[in-house]
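Q: I would like a close look at one part of this model, and then a walk through some of its surroundings. Could you keep the explanation at the level of side chains?

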Amino acid sequence: MSEDIKKKTGAVLVQGGGIAGIQAALDLAGSGFKVYLVERSAAIGGMMSHLDKTFPTGDCATCIVSPKLVECARNLNVEILTLSELSDLQGEPGNFTATVRRYPRYVDEDKCTACAQCTDVCPVEVPNHFDREMGTRKAIAKHYAQATPNIFGILKNGHSPCKVACPANINVQGYIQLIKKKEYVKAVNLIRERNPLSAVCGRACNHPCEAVCTRGKLDDPVAIRLLKKYASDREMELVESGQISLPEEKTPPPGAKKVAVIGAGPAGLTAAADLADRGYAVTVYEASSAAGGMLRWGIPGYRLPKNILDYEVELIRRRGVAFKYGCRIGKDVEFGRIRQDSDAVFVGVGVQVSRRLGVEGEELSGIGYGVEFLRQAAGAGNPPDVKGKVVVIGGGNVAVDVARTALRLGADEVEMVSLEQRDEMPALPEEVADTLAEGIKVTNGWGPRRILGDGDVTGIELKRCASVFDQEGRFCPAYDEKDLTTVQADRVIIAIGQSLDRNFIGAAGLDIERGCFKVDPVTFETSAAGVFAGGDSVSGPASIIQAVGAGKKAAESIDRYLKSQDLRSGRFEDGVKPLPEELLPSLTGKQKSARAMPGHLPVEKRNNNFLETEGGFDEQAALAESERCLNCALCSECRECVDACEQNAIDHYMGQREVRLEVGSVILAPGFEEFPAEKKGEFGFGRYANVLTSVQFERMLSASGPFEGHVVRRSDGKEARRIAWIQCVGSRDEKCGNGYCSSVCCMVSTKQALVASDHTPGLEASIFYMDIRAHGKDFDQYYERAAGSENIHYIRSMPSRVLQVPGTGDLRLQYYGDSGEMREQEFDLVVLSVGMQAGVAARETAARLGVRLDEYGFCATDRLSPLETSRPGVYVAGAFQEPKDIPETVTQASAAASLSMELLAEARNSLVSKPVYPEEHDISDEEPRIGVFVCHCGKNIASVVDVEKVAQAAAQLPGVVFATHTMYTCADSSLNNIHDMIHKHRLNRVVVASCTPRTHEPIFRETLREAGLNPWLFELANIRDQCSWVHSAQPEQATDKATQLMKMSVARARLLAPLTGTSFSVDQTGLVIGGGVSGMTAALALAGQGFKVHLVEKSGRLGGNALDLNYTLEHEETQPFVAGLVRQVGDSPNIVLHLKAEVTGVSGFIGQFKVGIFKDGIESQVSCGAIIVATGAEPAAARGYLHGKDGRVITQLDLERQLHRGESVWAGKNVVMIQCAGSRNEERAYCSRICCSTAVKNALRIKRDDPSANIYVLYRDIRTYGFREKYYKQAREAGVIFIRYDRAAPPEVTGENGLRVSLKSPDFPEPIEIEADNVVLSTGVDAAEGNRRLADMLKVPVNADGFFVEAHLKLRPVEFATEGIYLCGLAHSPKHLDENISQARAAASRASVVLSKSYLEVGAQVSRVDQSKCISCMTCAKVCPYGAPMVNADRKAEIIAAKCMGCGICAAECPACAIQLNHFISRQFKDMLDELFKDMKEETTSAEPEKSGVL
Amino acid sequence: MKYAYYPGCSSHSTARDMHESATAVARRLGIELVELDGWSCCGATAAHQTDRLLAASLPSSNLLLAQRTGLDTLVTCAACYSRMKAANHEVSSSPDMRKKVAEAVGSDYDGSMPVRHIVEVLLEDVGMPKLKKSLARSLNGLKVAAYYGCLLVRPHDVTGFDDAENPVSLDRLVEAMGGESVDWPCKVDCCGGGLNLTRTDEVVRLSNSIIDMARDSGADCIAVACPMCQASLDLRQKDMKGGAGKGRLPIVYITQLLGLCLGIAPAELGLNRLMASPDAVLQAVSSKGS
């Protein structure tokens, strides 16, 4: 029997490395769990890493996400698995076994140092998907500049069509890329790996590769054969000119097994070369006097000069192959003898005997046969006798060769007679064209009936060929015997095909099938053991490259045979499969370019000679032609990177693998996929260069993007001055399957318009929208700012289409204006604000896990448990749950983490490890040795400040022993570099001149610790926020200022001293203020993890505002849920409930708070380690619109109550709802977020109860974001009438003669007047009254509207800047129930990071008192906001380190100068000022003698 | 390749050139066309504006004739194509409509008979390789604006042919013939064809903007695959403003262009029937004979 209770696993798998996955991972790892962060792409960072700036904060997205990436990478308990996905999950919540599929990176993660040498040498440029196909990247590259992990990777896409089509599977793309790099020898060597006859095939190959070349679908295929010829010729030139030498002659190793190859044609030569390379002793038996077979005796010299063949045969010989010429099997040596003497035999004897015609007169004199004729002409035997008129029968390549050879040998006239029509002739079209050009007549569609003559041939009688092939396309000529003609001839040469030499068949005794040797189609084994065959003698007359391919495959079989291995499985060619059409490169928008054409020997110079007729490319043409390759397989496997990588990190043969992980729970955070804009064809995306998606525009705005932040037209690179945004592309659109609102796009476009206007002053921005959905915290104010700008126009209209004005690249938009008139306007750029949809991969993962999806393909959840999937133990966070912005995503991530923590509480700390730092290096006796690192911050600093100059100046300063500048100093590789430099130069102080210490100081300090330096020996010079950003127009002065700032930092750094902190214990108890849904949820989330929680509620009842919420859009009844929470709180042994209680005072600090609680007239004090503020908000009081004067004017809350009780009758009644009655105006600048959904909810309720009621919703923008959009649509379908009004002209309510609402809508020409039975006001949400008082106690901020202000709007949404205090729910801002639940859980998760620790370290940066100077005036105690100073036993001041926040007020105020703030001591500032004024003095008084630098 | 040929009314009247060029091209390419015995009008633009059942029944009765031949129906007119496809769609997706149509035409039709436009047949059945091999002449870089109009590719759910916003099939044929298909934005604009008799002014306005755009995009001619489009653009050009001094733009059927490239005499292709002179096209084709 298994154990009754299995211990849970203290690890969590997080699928998705975007901001959600990162946040969840950091929370979990921070509170004692092992995390596997599984990401499909090559780096974590998700969508945030693509963005330029965030709204409404204006932060650089990369700058705020990068520190998180680094934190993840550096956290010992977060294991990042990139290029990976969860493929299977077995087991139970608490004990899952996860299978993770890991796709190959082709770069060893442990070996790569991100030196980028591979990228430098890679010749393959492919579209950069990170930049959304704008611009290119190398096939081997880093995912993006700040990619974490900082490792390179290769993009592969199977095998290119050319390679698949080539019978020898030559890596065509690879050698073309090498040609592009002018690496001709490498190119030829790559070819020769699969085909020893590179130069030969460069001339005489029938190039099946070109027929399938993807480029051919765009214009013409790449001239692959001619590129091969060019590279081969260049290699030969180098050999001939002695610049490179021929390879050393090899001999087989002693005792090598023997292989005999019969026939030195292309198949035999290939097999021989390959087997010699594999270490066998190969002997080639050739009947004729030289090697080459048909290459020598069949292909005339004007196509394949013999010296070319000789050269390649010599190279094969040098590979260790022995040749025996003039050795005919059955005559000179017996086949049996060869079999006996060898361990294996390859037969590649070709087809050497011409087929007979079998017609009357074939015995006449003057009749010859194709191959025999060519063989004679090539010098085997007497030259053929050619005179008068020669007629060649046949339409294949041999016939063409015969005809052209006959002409060169002096025939007066040559005529070809072919059964096939011109377009059916088997000869290569270019050969036929040459034939015609040389004056040879080609007669198509006739076949010989009989040969005429008497002794000597005089002519041929021909019959009309009606058709050559039968229905199935087989050769089956049909003739019209009545349609006859005669041609005169002095010689007739028949070239209609060849067959095997019967003598050889007899000698070899191998099985024959259809006139050829019978072999196994995969292994090329014949009927005789150890005898293999390939080439024409197996396939019948075919091409050179087919013979080469056969030789290669047979060689593989022979090798396996001789090693007694399986001949079939895992063969090279098995892996070379064609790509599906959709994976081939996209041709949309690709520029056409003409195929390079080779020169030709003029026809008049071809007489009586066998000079090569086809010229080749010059270098320019070859390079241009190689550029035409589209790199179908992405990586070309040219292996340049392998040569360049000094770490041997690259492995092109890396395969996919699977790993199994034991985890207790899973969090799905795979994010979203952008709507494919090409699906909305009317907007011309993919067709017009200047139509972009919003993500592309982000990349355009980004300094590290393909346009380096310049807003330009892609068509001509000119500055874009007129830009249109089209909203809701792929959102709120049932037609494309996305009926929901994507929630963020309105704000994205608003931000983009503002940022673009910053980049290009005077830019005209037009945003075409349906409703502006600025429902987030502080969003509406941001939107109003944009809308108030003269150059940003919001146009409420959906353009019907975008068309490009011919010849200009301008885009013309058609849309309906406000008064219904058709308008046209032209723009430089059109940005399609694409919506979010659930990614295919995410949906597949969900399906594999058995996680249910909703109607839109997102993860199905319930509004009341928004983080739980249908599978217990599997949670969801972020956009995969519903489209959402960053703050909600981060919130959900923490919230999902809290669920995992709760599930796995018992296993906390069971699988984690702690960071181990090296022992700190004692620097007390050392002189300062300072290292200075100046950061480019991409373009942020370097485009203004000359960073190199700053670094040079640093190097000159006293104490500085090392100075450099780096692209992103915070990148993992740069941090490693700092680490290395500290050791190399024995640095004991480090100065970084970069962005801001606010975000980056901790990272650099951590680096110092890891290098064995005290972290306080670090100083950051802010040359971005305080220099390059504010002085972007004055680069020179900015450089000077940056230098000054850096010098001051160096001056200070000389005086930096190591500091150590102290640790103190944590009271592992939480305290939650507010007993609404948020407060209860937070308390339960902490209690569920085993922490003790105080829950303080000022009223006598738990539930808060939710007690007035009777139903939601999605739920009929909400009170059972609220009651459930109340019951759970009551049942929880860990929760101490304080009802009718108020917080009266807060003291202490993170880990050790003391909170005063006033209850029942008694003041008591509780201790806790973390505080969560969940004080809620209040429904705003109704004002105006006759509210309070006329009883028929009510609020939505009143209406909901009535509806819930079912006491009112609505039949035939007119109900007018007025939205924004008190929001989005002077009174409340913010949007209350919930009112639109509330109105829709209540309107639907009325319509459900009585469809005959008339409901009018007067609104400014309907903000039913996310899936709530569905209900807005339902309301419209139910007949609810929505009428828009402008902020400037709100509706008026009058009460005389009945209740009337009148308004002027921008959508109607006439004023509207509605007789109302009821007017319902959506009054919005007010901040709770007591917020300010509580804020003072907690020393945390509230905003102008009275809501609490979180530490960072985007990335720290549930915590205050003051450590240990968190917030959630309506106290933060108005929001829906599900969002409150998420936030409450998120706050609990963040608090758990503190509460899970028994000890915390406190800052070393605290004030200390020089007791000898203290005059006991106690000024410090009076001024300290944190109550840190105390009077000690000696009646002197002393600072309590744990309370001291290091603000320095005491130090500034102390009249005796007895207090110094650690790390900010006076001398440091004095030296900084000295440094500053020293330079200023030099400038102003340079003529005067230098004075001493003492102030 | 053998098809049941549905010529449609216009082939016998205003668009004889379409019929002539289509049949000539088919003959040359070895496509056998068997004209449907007893075919009747498809209802065109008139029927579906007045009566949904009539609009489904007329094409259905013709497709029932085709069913007897067992052959795919080949259509040259985009309007006929659209109506037949729409009828198939309606009958196969609505059992109720199928029943009503069966009552109206006296025989049950399930909406399954394949309907193919000649452009589809050229691209898919004949195929580019064979087509290219068959060409005797080239368009020699003639700049052609391929114009699809409303009916050939829309609605996509019904025709399932090419892309509804940026179709390329005609462009591919033009390129195969050695012409240069200009990228222009009005490929699927409406010419106003359905209003030819009732609102001629609208037809002139709509067609005018199409022709202007084609000319501005550098086109030497417009290639069409619909007799309504051809009529609107060709016939109304004399009433149009703009483009003065530039002469009229030839409006040719894609089958006429193809016929020329296959080496068929202009008269056999009905090129003599055009209003705007096709000289520019003829000159381009004959400029460099192969």
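To start with D189(B): does D189(B) count as buried or exposed, and at what relative accessibility?

A: Happy to help. This is a predicted model, in which local features need pLDDT of at least 70 and side-chain atom pairs count only at pLDDT 80 or more, while totals for chains, interfaces and linings use all residues. Residues are numbered from 1 along each chain as its sequence is written, chains are lettered from A and ligands numbered from 1 in the order in which they are written, and side-chain values use heavy atoms, with hydrogens and water left out.

D189(B) counts as buried, at 13% relative accessibility. Here buried means under 20% relative accessible area, exposed means over 50%, and partly exposed is anything in between, with a 1.4 Å probe and protein chains only. The partner of D189(B) is R801(A): their side chains meet in a salt bridge of 2.7 Å, N to O. That pair crosses between chains, running from strand β34 (residues 801-804) of chain A to the loop between β6 (180-181) and α10 (200-216) of chain B. R801(A) is buried too, at 18% relative accessible area. Two terms to keep in hand: a salt bridge is a side-chain nitrogen of Lys or Arg within 4 Å of a carboxyl oxygen of Asp or Glu, and helices (H or I, at least four residues) and strands (E, at least two) are DSSP runs numbered from the N terminus.

The whole structure holds 136 salt bridges over all chains, and a few others are worth a visit. R317(A) pairs with E249(A), with the closest N and O atoms 3.2 Å apart. Because R317(A) lies in helix α13 (residues 306-318) and E249(A) in the loop between α10 and β10 (258-262), this bridge ties together parts of chain A that are 68 residues apart in sequence. R317(A) itself is partly exposed, with a relative accessible area of 30%.

Within helix α31 (residues 997-1010) of chain A, R1005(A) and E1001(A) are 4 residues apart, so about one helical turn separates them. They form a salt bridge with the closest N and O atoms 3.4 Å apart. Both ends are covered: R1005(A) is buried at 14%, and E1001(A) is buried at 17%. Some charges are linked in a network of salt bridges, made by R303(A), D401(A), R404(A), R408(A), E431(A), D434(A), E438(A) and R606(A).

Now to K229(A), in helix α10 (residues 224-240) of chain A. K229(A) is buried, with a relative accessible area of just 2%, and a polar contact of 3.2 Å joins its side chain to that of E612(A). A polar contact is a pair of N or O atoms within 3.5 Å; within protein, one must be able to donate a hydrogen and the other to accept it, and residues adjacent in sequence count only if both atoms are side-chain atoms. Not counting residues up to four places away in sequence, K229(A) touches G202(A), R203(A), E612(A), E614(A), G615(A) and G616(A), where contact means heavy atoms within 4.5 Å.

Helix α10 of chain A also helps cover another helix: together with α5 (172-180), it is among the elements over the buried residues of α22(A). Those buried residues of α22 (residues 619-627) are A621(A), A622(A), E625(A) and S626(A). Seen down the helix axis, they fall within an arc of 130 degrees, so they line one face of α22(A); the arc is that of the directions from the helix axis to the C-beta atoms. On the other side of α22(A), Q620(A) and E627(A) are exposed.

Two more polar contacts complete the tour. T9(A), in the segment before β1 (11-15) of chain A, is buried at 13% relative accessibility, and its side chain makes a polar contact of 3.2 Å with that of N95(A). Beyond four places in sequence, the contacts of T9(A) include E662(A), V663(A), L904(A) and L911(A). E1350(A) sits in the loop between α39 (1331-1338) and β62 (1365-1367) of chain A and is buried at 7%. The side chain of E1350(A) makes a polar contact of 3.1 Å with that of H1372(A), and K777(A) and R1356(A) are among the other residues E1350(A) touches.
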